[in-house]
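The following exercises concern one protein chain and its internal geometry. Please attempt each task with the structure in view before reading the solution.

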Amino acid sequence: MQINSFSYLGYILLAVASCHLARRLAGASGFKLCLSLLSLLFVALNGWLSLAALLGSILVNYATLRQLRQMPPATRGRLLWPVIALNVACIFIPKVSTLAFLGASYYSIQQIMMLVDFYQQPEEVPSLWSYLAFVSFFPCITAGPICSWSDTGDELSRPRGATDRELFLGLLILAFGLFQKCVLAATCNQFTDGIKAYHAPINALDSAVGMTMAYLGLYFDFSGYSDIAMGTGMLLGLTVPLNFDRPLAASSLPDFWSRWHMTLTSFVRFYIFYPLVRWRPGSRTTAKLAVLVSMLVVGLWHGLTASFALFGLVHGLAQLVPTQKLPRPLGWLLTQLFVVLSMPLFFQPTLDGAVQVWAGLLHAKSIRGPFAAIDIFDKAVAALCLVFALWQAWRWPNTRDLFSQRKPSLALLIVLQIMLLLSLLYLNSGYQNNFFYADF
């Protein structure tokens with residue numbers, strides 16, 4: 001089921017209405033049962049193999065949690081590490097085979113986090129229905145945000161239902177996410193698709209436009225999806241963590257990665273980087289190696305290819321360059337330029353394709369490029385996307401802050417109504433913008 005489709009919007013409305021009715025009729029147990037069944041149905045609609053993989057993963061990890069509680073601390077590691085290895089295999093096997101398990105990268109990470117946290121500080125094992133609802137939570141299972149038990153699980157154990165304010169704000173956040181995904185990302189990704197499908201030499205302008213639109217398209221696509229998940233969670237009375245905090249305003253690469261895909265970078269920081277640093281406390285060499293290893297993991301998490309490995313390594317190496325003393329405007333310019341220039345490693349399927357895009361920067365003469373088939377209207381919308389991105393970076397707060405004010409202004413409500421209308425028009429046009437991050 002495509003995220004940017006009327007069927008998905010209908011599924012959200014069905015889930016919200018059903019879960020609230022179940023909670024009213026059968027209390028917390030009814031809410032968890034209804035949400036779990038709807039989440040499992042959502043996975044099944046994307047393939048029975050995905051459903052089987054999800055249920056198998058849940059049963060193994062839940063049984064491990066229960067068994068860990070009964071084991072003495074000294075022997076828990078004998079069970080913990082093999083199960084973590086199994087979760088890691090679930091993340092990477094689909095990346096090197098034809099198997100496709102919806103959301104495996106995300107629910108495997110969530111369960112690794114829960115296993116490690118429980119291993120370090122044993123707590124009461126949640127009920128099976130609470131655990132099932134947490135791991136299979138359909139707004140997040142496709143591509144995150146990656147929820148921790150403290151974010152969402154505790155609320156699932158004792159669901160309280162959404163307040164009138166949460167229902168209102170959830171709809172606003174959902175509308176904003178739809179606009180980013182269905183209008184802005186769809187427009188920008190036409191340029192990315194044009195570059196990927198074009199195998200002849202390109203000129204400097206096409207290369208620069210292609211890399212910039214790839215960056216903006218990836219941001220609007222994933223940020224929009226994350227806001228849709230956050231809004232849906234709010235409609236259900238559940239907290240979904242913020243995943244993007246204006247990364248286009250970052251003035252250094254560490255700052256960028258603290259704002260981009262925040263739930264993944266938080267996982268890497270706490271469960272990979274910090275343990276590596278604690279291995280040799282105070283060692284600058286160990287700290288630098290930990291940065292490189294962490295960013296390599298981020299790159300390979302997206303795919304086991306040379307391009308993604310190089311993407312992670314160059315971002316890791318660049319973070320070792322001291323830029324703290326640069327004036328903020330210069331730091332911002334260099335950071336955003338570096339991210340744009342690294343985009344071919346991300347969206348091109350091969351290193352040769354990435355090199356072709358970079359080589360285009362050396363060709364100044366005008367040639368028929370990959371964007372000739374894009375009409376003038378979409379090019380104008382793409383220009384507006386760039387303006388909106390810059391305005392959002394410097395003048396627009398992140399999603400949580402934008403909607404946390406006591407009463408949204410009339411101007412904001414009007415803007416969001418226009419955004420929702422445009423989103424529905426784009427959806428009705430039939431253009432399907434594939435969600436890039438769903439492949440991870």
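## Exercises on salt bridges, fold and internal spaces

A search of the whole structure, which is a predicted model, finds 3 salt bridges.

### Exercise 1. The salt bridges

Task: For each salt bridge, identify the two partners, state where they lie, and decide whether they are buried or exposed.

Solution.

Step 1. One of the pairs is E124 with R69, whose closest N and O atoms are 3.4 Å apart. This pair joins distant parts of the chain, as E124 belongs to the loop between α4 and α5 (128-136) and R69 to helix α2 (residues 48-70), 55 residues apart.

Step 2. The accessibility of each partner is then compared with the cut-offs: under 20% is buried, over 50% is exposed, and values in between are partly exposed. E124 has a relative accessibility of 62% and therefore counts as exposed. R69, at 41%, therefore counts as partly exposed.

Step 3. Another salt bridge is formed by the side chains of K181 and D221, with an N to O distance of 2.5 Å. K181 is part of helix α8 (residues 164-197) and D221 of helix α9 (residues 204-235), so the bridge ties together parts that are 40 residues apart in sequence.

Step 4. The relative accessible area of K181 is 0%, so K181 is buried. D221 also counts as buried, because its relative accessibility is 2%.

Step 5. The side chains of R259 and D255 form a salt bridge as well, at 2.9 Å from N to O. Both of these residues are buried.

### Exercise 2. The chain as a whole

Task: Describe the secondary structure of the protein chain, and determine how its radius of gyration compares with the globule rule.

Solution.

Step 1. The chain contains 18 helices and 0 strands.

Step 2. Its radius of gyration is 22 Å, and the globule rule gives 22 Å for 440 residues; the chain is therefore as compact as a globular protein of that length.

Step 3. Along the principal axes, the C-alpha atoms fill a box of roughly 70 × 55 × 45 Å.

Step 4. Of the 440 residues, 53% count as buried. Among contacts with a separation of 6 or more, 78% are between residues 24 or more positions apart.

### Exercise 3. Two residues with positive phi

Task: Locate R246 and H261, and classify the accessibility of R246 and of H261.

Solution.

Step 1. R246 is not a glycine, and its phi is positive, near 50°. This residue lies in the loop between α9 and α10 (253-257). With a relative accessible area of 23%, R246 is partly exposed.

Step 2. H261, also a residue other than glycine, has a positive phi near 45°. Its place is the loop between α10 and α11. Its relative accessible area is 1%, so H261 is buried.

### Exercise 4. The second largest pocket

Task: State the volume of the second largest pocket, and work out which elements line it.

Solution.

Step 1. The volume is about 640 Å³. The lining consists of 30 residues, of which I112, V116, F267, Y271 and I272 are the closest to the centre of the pocket.

Step 2. Two or more lining residues come from each of α3 (76-92), α4 (104-120), α11 (262-279) and α12 (284-302). The largest share is that of α11, with 11 residues.

Step 3. By class, the lining of this pocket has 23 nonpolar, 4 polar and 3 charged residues.

### Exercise 5. The cavities

Task: How many cavities of 30 Å³ or more does the structure hold, and what lines the largest cavity and the second largest cavity?

Solution.

Step 1. There are 3 cavities of 30 Å³ or more.

Step 2. The largest cavity holds about 110 Å³ of space. Its lining has 16 residues, with Y219, S223, D227, F244 and T399 nearest the centre. The elements that supply two or more residues to this lining are α8 and α9, and α9 has the largest share, 5 residues. The lining divides into 6 nonpolar, 7 polar and 3 charged residues.

Step 3. The second largest cavity has a volume of about 50 Å³. It is lined by 11 residues, and W257, W260, F311, M343 and F346 lie nearest its centre. At least two lining residues come from each of α10, α13 (306-319) and α14 (328-347), with α14 giving the most, 3 residues. The lining of the second largest cavity has 9 nonpolar, 2 polar and no charged residues.

Conventions
Residues numbered from 1 in each chain as written. Predicted model: local features only at pLDDT ≥ 70, side-chain atom pairs only at ≥ 80, totals over all residues. Heavy atoms only, no water. 1 Å grid on protein atoms, 1.4 Å probe; cavity = no way out; pocket = protein on both sides within 12 Å on 5 of 7 lines; lining within 4 Å. Points joined across faces, edges and corners; volume = space filled by probe spheres on them. Helix = DSSP H or I, 4+ residues; strand = E, 2+ residues; numbered from the N terminus. Nonpolar A, V, L, I, M, F, W, Y, C, P; charged D, E, K, R; others polar. Salt bridge = Lys/Arg side-chain N within 4 Å of Asp/Glu carboxyl O. Buried < 20%, exposed > 50% of the residue type's maximum accessible area, 1.4 Å probe, protein only. Rg over C-alpha atoms; globule rule 2.2 N^0.38 Å. Contact = heavy atoms within 4.5 Å.
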